[in-house]
Amino acid sequence: MSMRVLALETSCDETGVAVVGKEKGEIKVLSARLASQTEIHREYGGIHPTLALREHKKNLPLLFRKTKEEADPRQWDRVAVTVGPGLEPCLWQGLNFARKLGRGLGLPVAPVDHMEAHILVNFVDQVPDSSLFPAVCLLVSGGHTQLVLMKKVGDYRMLGETRDDAAGECFDKTARMLGLPYPGGPPIAAKAHRSEDLNIELPRPMMGADDYDFSFSGLKTAVLYRIRDAPQKVRESEEFVQAMAYEIQAAITEVLVKKTVKAVEDFKAKSIILGGGVSANRRLRQDFRARARTRGISLLLPPKNLATDNAVMVGVAALLRPGKRIPLEDLEADPDMRLGKE
Ligand code: KG4
Ligand code: ZN
């Protein structure tokens, strides 16, 4: 039995359209298109919701037209679309486009949770078999930092989340303070270099706390003060930027690894699953690999090009978790959608 899904992603600042199929239990990506808006938002140092909506409106039909030429619509079985969490107008834009397609093509529309999609994209080339569960999922993006206990596909419990800024947001904001472009994760990773001469120490907020929550705003403030207090000549030197980038990345990584490992121990997890844009970070991936190896548990890392927002993950989620059929007019966007909510 084969199954093909047309998938749409518009929850944030990437417009994605993909066709993903499942044949003999194997997932295949048949088409994957992405219109990134980072250049447009860079000027603002973050996401500008009105511009994001304008870009989705413009790009969805363009990407769809190309997708249709690449993958035959007569073979599609359903349309999948992200309905939350995300920017509300952007979610509705995607959902209404999906509804229109569903009506036109006579296909059902499957609502997908963006965070679940970040988890399930790990199964693009690996079967979610029972030896991996329970799993502890660390979801780290520009808008979220969450630790989720996963008993199986579709069964999630929220263990903890950030009380203020998300990990990606911390990369983005501190990068901006250092004069690095948006989004801040990649340039911080590229600049990170330990200095022999500059002694830079930043806090690891809540690292020792006896829970699964995170907090990154204190780290952000510490970075601000450290920059402000440095003599101008030091502050403007490449060595300072590199050393700060190194320490910011180290602080964020150490906190994320420590809390995740604590959850693994407490819940006797069989695997760690990473998801979200920050999981593209090389240092984070290295540190998790080392930890998983010493503990002898499995580690699932999303392919780097599928770690940040895309439509393939939406298609994979819809294939792995078909769900029940909902009438098109009953579908709704939910900007505050939360995994594990009763
Ligand atoms: O999942 P995502 O594409 O969008 C949201 O749903 O928010 O995540 C975007 C975030 C940004 O904050 C960006 O700085 C971060 O992921 N990011 C990284 C890296 N690549 C993207 N952070 C650290 N290292 C990276 N290599
Ligand atoms: Zn995301």
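**Exercise 1. The zinc site**

Both His118 and Asp309 are buried (under 20% relative accessible area, with exposed meaning over 50% and partly exposed in between; 1.4 Å probe, protein chains only). This is a predicted model, in which local features need pLDDT of at least 70, side-chain atom pairs count only at pLDDT 80 or more, and totals for chains, interfaces and linings use all residues. Residues are numbered from 1 along each chain as its sequence is written, chains are lettered from A and ligands numbered from 1 in the order in which they are written, and side-chain values use heavy atoms, with hydrogens and water left out.

Task: find which residues coordinate the zinc ion (ligand 2), and place His118 and Asp309 in the chain.

Solution:
1. Look for donors, which are N, O and S atoms within 2.8 Å of the metal (3.2 Å for Na, K and Ca); water is not among the atoms, so sites may look incomplete.
2. His114 (NE2), His118 (NE2) and Asp309 (OD) coordinate the zinc ion (ligand 2) at 2.1 to 2.2 Å.
3. The sequence spacing of these donor residues reads H-x3-H-x190-D.
4. His118 belongs to helix α4 (residues 114-120), while Asp309 sits in the loop between β10 (298-300) and α11 (312-320), so the pair links distant parts of the chain, 191 residues apart. Helices (H or I, at least four residues) and strands (E, at least two) are DSSP runs, numbered from the N terminus.

**Exercise 2. The five-stranded sheet**

Task: work out the strand order of the open sheet and name the strands at its edges.

Solution:
1. Two strands pair if DSSP finds at least two bridges between them.
2. The five strands follow the order β8-β7-β6-β9-β10, with mixed pairing.
3. The edges are β8 (155-161) and β10; each has a single partner strand, so one side of each lacks a neighbour in the sheet.
4. From one strand to the next, the twist averages 20° (axes are lines fitted to C-alpha atoms, for helices over the stretch in contact, and angles run from 0 to 180 degrees between N-to-C directions).
5. Now zoom in: β6 (residues 135-140) and β7 (residues 145-152) run antiparallel and are joined by six bridges, and Val136 stands opposite Leu149 in β7.

**Exercise 3. Backbone details**

Task: locate Pro85 and Met206, and describe the backbone at each.

Solution:
1. Pro85 lies in the loop between β4 (78-84) and α3 (88-105), and the Gly84 to Pro85 peptide bond is cis, with omega near -10°.
2. Met206, in the loop between α6 (185-191) and α7 (217-229), has a positive phi near 60° although the residue is not glycine.
3. Met206 counts as partly exposed because its relative accessibility is 21%.
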